[in-house]
Amino acid sequence: MTNPFETAIQQLEEASSIAKLDKNKVERLKSPDRYVEVSIPVIMDSGEQKIFKGFRSQHNNARGAYKGGIRYHQDVNLDEVRALSFWMSFKNAVINVPFGGGKGGIIVNPKELSSNELEKLSRGWVQKMYRILGPEVDVPAPDVNTTGQIMDWMVDEYKKLTGNEKSLAVFTGKPVGKGGSQGREEATGYGGFYVFEEAVKNHQIPAGAKIALQGFGNVSTFFAKMAFEKGYKVVALSDSKGGIVNLEGLDVHKVLEHKKALGGLKDFPGSKNLTNEELLELEVEVLVPAALENVLTEKNAGRIKAKLIIELANGPTTKDADKIFAQNQVVVVPDILANSGGVCVSYYEWYQNMNNETWSKEQVLEKLEKQIKQAFADVLSTSKKYNTTYRNGAYILATERIMEKMG
Ligand code: NAD
């Protein structure tokens, strides 16, 4: 499998060769400023001690505090954390929030831990890391398998250790009522939809176009609901067990009720069941991968019928697939733009905490729509200027913005 950090470096190199960016600064951006590996001892409920490995990678802070999630997964490793911290620097620059890039993780399958063990482990990560964190230094957030509750424990531990008055702002993704922001739940899906609306204007996608979505979790549900309400035909949806299709359009609210009642999408009345692989190749105008990475590869890219792909998932398209899409004139709106709504609202959370403000959901979503549409316009004009793809345009724009502040 491709090393994710090498992929990240290749993306930077491609963008910098197109835009002829400063070579010395590009070299500096190839490695994180700092990465840390720590051992976290936890006394388990059985009375036995277990040692867990934790990481934090701080890629670049030229534009502001390092910012990015903490992932709990058995496959977490330093290369992955470094690559993810790198992507965060670029995502934060594209959406134009005043943050750099960071990422962290712990090698653990959290499903094997009791709530008590999970709390000790999360507090243990902060005990080992707090000296390199801070509201104006490094601001972590949830990622795969980490939750608002975990952020709440982490804030509490950080506050105990530092007595910092601004402690609430050191982690984002907190529960609403515990310093979290309204609108965070909807942010990535709705943000993706706002980006989609801008892409539609620029690529002659017909009103009521057919959309297939892979995934029916947090991000895709909010995207699907809004698309349905705005009159697009959401024709296919899926989860890890498979998907459903009706080329005449699905009623997204009814699919949600069906999933709630039966625990899956299968056998939704009026639809046909299909596999996740078949879903990607449907006869639709728009494809939205919103579940996993590396689902669009050189094996299936030539069979994709959609004319527009909105990457809500992180890294759904391999480099080889990207080349095929460019040849076939399939427009790909890259993840670092399409799913940046989440980190945009994380910035709003941080801002509210720092300034003792509380914004309504309407205020948050209104600001998000404006900011992400501006990001789309900036990426579009950069892509046009260099006559290149949206992905390269987004990387060039981000790299230029970071370099401007690097000194
Ligand atoms: P989620 O866990 O809520 O939903 C994931 C969905 O993918 C579920 O419907 C699940 O059933 C489905 N899925 C799992 N395995 C699958 C498989 N093998 N085939 C097809 N579908 C499968 O997660 P989410 O928060 O919606 O995140 C989805 C994607 O968006 C991820 O790539 C994530 O990194 C990215 N993302 C999320 C956010 C956010 O704010 N939540 C922000 C940026 C990027």
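Two strands are said to pair if DSSP finds at least two bridges between them. With that idea in hand, the sheet of this predicted model can be read strand by strand. In strand β9, K272 is the bridge partner of V245, a residue of strand β8. Across the same two strands, G243 stands opposite L274 of β9. Altogether, three bridges join β8 to β9, which spans residues 272-274, and the two strands run antiparallel.

On to the partnership of β8 with β7. Strand β7, made of residues 233-239, pairs with β8 in the antiparallel sense, and four bridges link them. One of the matched positions is L237, whose bridge partner in β8 is I244. The chain passes from β7 to β8 by way of a hairpin of two residues.

Strand β8 itself, residues 242-245, offers a neat example of a familiar pattern. In a regular strand, side chains alternate between the two faces of the sheet. Here G242 and I244 point one way, while G243 and V245 point the other way. Which of these residues are buried? The answer is all of them: G242, G243, I244 and V245.

Stepping back, β7, β8 and β9 belong to an open sheet of seven strands, arranged in the order β9-β8-β7-β6-β10-β11-β12 with mixed pairing. Its edge strands are β9 and β12 (residues 331-333), each of which pairs on one side only. From one strand to the next, the twist averages 20°.

A helix also accompanies this sheet. Helix α7, residues 218-229, lies across β6 (210-214), β7 and β10 (286-289). The direction of α7 is at about 165° to that of β6.

Elsewhere, two helices pack against each other. Helix α12 covers residues 341-354 and helix α13 covers residues 361-385; their axes are 10 Å apart and the packing angle is about 130°. Why are α12 and α13 described as oblique? Angles over 145 degrees count as roughly antiparallel and those from 65 to 115 as roughly perpendicular, and the angle of about 130° lies in neither range; α12 and α13 are therefore oblique to each other. Their crossing is right-handed.

The contact between these helices can be followed residue by residue. From α12 come G341, C344, V345, Y348 and Q352, which meet V364, K367, L368, Q371 and I372 of α13. By character, the residues of this contact divide into six nonpolar, three polar and one charged.

Key:
Residues are numbered from 1 along each chain as its sequence is written. This is a predicted model: local features need pLDDT of at least 70, side-chain atom pairs count only at pLDDT 80 or more; totals for chains, interfaces and linings use all residues. Side-chain values use heavy atoms; hydrogens and water are left out. Buried means under 20% relative accessible area, exposed over 50%, partly exposed in between (1.4 Å probe, protein chains only). Axes are lines fitted to C-alpha atoms, for helices over the stretch in contact, and angles run from 0 to 180 degrees between N-to-C directions. Angles under 35 degrees count as roughly parallel, over 145 as roughly antiparallel, 65 to 115 as roughly perpendicular and the rest as oblique. A crossing is left-handed if the near helix is turned anticlockwise from the far one by less than a right angle, and right-handed if clockwise. Contact means heavy atoms within 4.5 Å. Ala, Val, Leu, Ile, Met, Phe, Trp, Tyr, Cys and Pro count as nonpolar, Asp, Glu, Lys and Arg as charged, and the others, Gly among them, as polar.
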